[in-house]
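Q: I am new to this structure. Please take one part and walk me through it closely, beginning with the charged side chains and how they pair, and then moving to what lies around them.

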Amino acid sequence: TPLKRLLWTRFYHHYRVERMADKAKRVIAELFQLYLKKPEQLPNGQRARIQRGEDPHRVICDYLAGMTDRYCLEEHKKLFDPIERV
């Protein structure tokens, strides 16, 4: 339909939306890799799940899925920005 085409080209695939989606994927991937490599960076509850034998991939996915956008960005900044306070 014409409306569907319009939304697809002007909204869903607008260059700004594409940029933001790429940024979001990068932030989540960087957090995932860091937590996988250094699970000591995770909060106590998530570390305990891993220590009990749960799959670290599942634990980290659950943790990231529970984050709000704002919290995710703040965590990324704390962990990757050398100037940001921990």
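A: Start with Arg49. Its relative accessibility is 18%, so Arg49 counts as buried. The cut-off behind that word is simple: buried means under 20%. Keep in mind that this is a predicted model.

What does Arg49 pair with in a salt bridge? Its partner is Glu54. Their side chains meet with N and O 2.9 Å apart. Glu54 has a relative accessibility of 31%, so Glu54 counts as partly exposed. This bridge therefore joins a buried residue, Arg49, to a partly exposed one, Glu54.

Glu54 has another partner. Arg52 also forms a salt bridge with Glu54. Here the closest N and O atoms are 3.7 Å apart. Arg52 counts as exposed because its relative accessibility is 60%; exposed means over 50%.

Now widen the view. Arg49, Arg52 and Glu54 belong to a network of salt bridges that also takes in Arg58 and Asp62. Across the whole structure, a search finds 5 salt bridges. Why do such pairs form at all? Side chains of opposite charge can pair when their charged atoms come close.

Next to Arg49 in sequence is Ile50. Ile50 sits in helix α3, residues 44-51. Setting aside neighbours within four places in sequence, Ile50 is in contact with Pro39, Leu42, Pro56 and Val59. Take Pro39 from that list. Ile50 and Pro39 are 11 residues apart in sequence. In space, their C-alpha atoms are 8.4 Å apart.

Pro56, one of the contacts of Ile50, leads on to a helix pair. Helix α2 covers residues 15-37 and helix α4 covers residues 56-65. They pack at an angle of about 140°, and their axes are 10 Å apart. That angle makes α2 oblique to α4. The crossing of α2 past α4 is right-handed. On the α2 side, Ile28, Leu31, Phe32, Tyr35 and Leu36 make the contact. On the α4 side, Pro56, His57, Ile60, Cys61, Tyr63 and Leu64 do so. Sorted by class, this contact has 10 nonpolar residues, 1 polar residue and no charged ones.

A charged side chain does touch some of these residues. Glu75 lies in helix α5, residues 69-80. Not counting residues up to four places away in sequence, Glu75 touches Leu31, Tyr35, Tyr63 and Met67. Leu31 and Tyr35 are on the α2 side of the helix contact, and Tyr63 is on the α4 side.

Is Glu75 buried or exposed? Glu75 counts as buried, because its relative accessibility is 10%. Glu75 has a salt bridge too. Its side chain meets that of Lys78, with N and O 3.9 Å apart. Glu75 and Lys78 are 3 residues apart in α5, so about one helical turn separates them. Lys78 has 32% relative accessibility and therefore counts as partly exposed.

His76 follows Glu75 in sequence, and His76 is found in α5. With a relative accessibility of 16%, His76 counts as buried. Leaving aside neighbours within four places in sequence, His76 is in contact with Val27, Glu30, Leu31 and Asp81. Leu31 is thus a shared point: Glu75 touches Leu31, and His76 is in contact with Leu31.

Methods. Residues numbered from 1 in each chain as written. Predicted model: local features only at pLDDT ≥ 70, side-chain atom pairs only at ≥ 80, totals over all residues. Heavy atoms only, no water. Axes fitted to C-alpha atoms, helices over the stretch in contact; angles between N-to-C directions. Helix = DSSP H or I, 4+ residues; strand = E, 2+ residues; numbered from the N terminus. Parallel < 35°, antiparallel > 145°, perpendicular 65-115°, else oblique. Left-handed = near helix turned anticlockwise from the far one by under 90°. Contact = heavy atoms within 4.5 Å. Nonpolar A, V, L, I, M, F, W, Y, C, P; charged D, E, K, R; others polar. Buried < 20%, exposed > 50% of the residue type's maximum accessible area, 1.4 Å probe, protein only. Salt bridge = Lys/Arg side-chain N within 4 Å of Asp/Glu carboxyl O.
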